Amino acid sequence: MFTLEEINEEVMKFNKYLSCNIPDITSFEYSDTQRYYGEVKKEEIVNGLYIIHFSNLLNNCVESYQRSVIWHELVHIYDILWMINQYPDTDVSTIISSYSEAHATEIQLRYLLKITPIQIVNRGKRYLPYKNNDKEDLSVITSEYINQSIQFAKNFQNSNNLNDFKSFINNYCYLCGYMKMKRKADADKLIDYVHNLFPQKYQKKLLELYNNIITNNYLGCGIIYSQMIADAMEDLIFKTQ
């Protein structure tokens with residue numbers, strides 16, 4: 001468990017790493033939840049309340065992973081502030097739920113791998129601390145993103161729970177965050193393979209989402225995310241008729 005001073009030391013390192021200037025965290029809290037390891041709320045950030053919400057699950061993780069979760073949430077704060085400044089008349093929630101999840105995962109992995117913001121991941125940089133493991137292979141982590149995304153897509157077909165659908169997209173965005181660290185040709189090749197593992201009805205939109213994330217098309221990410229959620233809600237309505 002961190003102190004506020006320790007968290008803001010990470011803010012200082014984060015600002016130096018990305019050459020940015022996000023504000024200090026004003027407070028934080030831990031709760032008994034399994035929905036996330038860390039979370040920030042857009043409504044709090046836009047009102048100047050820089051609060052990070054942590055899960056008590058984090059206490060079971062190695063310290064470097066705990067710190068990486070801080071960085072993940074700092075990326076969300078950075079993206080929220082940047083997006084509302086760039087697009088003041090746009091609800092950026094869908095961009096945060098899509099592009100920002102990929103961006104935050106990318107920076108979190110870079111932090112754990114101890115590489116620069118632009119360095120391409122190579123075979124010499126494959127091991128990193130992850131959750132409660134001091135040394136995990138990066139391929140195991142990316143496989144987790146893929147498998148969880150596929151599982152949540154399947155869950156949605158049975159549960160009719162929109163949260164399962166959102167978790168499906170979230171985990172796919174985590175995977176795209178890793179893709180942003182690879183050579184484009186290598187990332188494209190892996191994504192082409194991964195898409196065949198998903199239900200065909202989602203494949204086209206997932207590819208569009210990937211391309212928008214890779215090219216930093218923020219508004220495009222938000223549009224695709226909105227369309228996928230709308231399609232999922234339409235499916236739910238159809239099933240209940």
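This passage describes a nonpolar core, a helix crossing and one buried asparagine in a predicted model. Local features need pLDDT of at least 70 and side-chain atom pairs count only at pLDDT 80 or more, while totals for chains, interfaces and linings use all residues. Residues are numbered from 1 along each chain as its sequence is written, and side-chain values use heavy atoms, with hydrogens and water left out.

The largest nonpolar core has 76 residues. Such a core is a set of buried Ala, Val, Leu, Ile, Met, Phe, Trp, Tyr and Cys residues joined through side-chain atoms within 4.5 Å. Buried means under 20% relative accessible area, exposed over 50%, and partly exposed in between (1.4 Å probe, protein chains only). Leu74, Phe165, Phe168 and Ile169 have the most contacts inside the core. Helix H7 (residues 162-179) gives the most to it, with 10 residues. Helices are DSSP runs of H or I with at least four residues, numbered from the N terminus. Leaving out residues up to four places away in sequence, Ile169 touches Leu209, Tyr225, Met228 and Ile229. Contact means heavy atoms within 4.5 Å.

Helix H3 (residues 63-86) meets helix H5 (residues 99-113). Residues in contact include Trp71 and Tyr78 in H3 and Ile107 and Tyr111 in H5.

Asparagine 15 lies in helix H1 (residues 4-18). This residue is buried, with a relative accessible area of 12%. Beyond its neighbours within four places in sequence, asparagine 15 contacts Cys20, Asn21 and Ile22.

Technical notes: Helices (H or I, at least four residues) and strands (E, at least two) are DSSP runs, numbered from the N terminus. Axes are lines fitted to C-alpha atoms, for helices over the stretch in contact, and angles run from 0 to 180 degrees between N-to-C directions. A crossing is left-handed if the near helix is turned anticlockwise from the far one by less than a right angle, and right-handed if clockwise.
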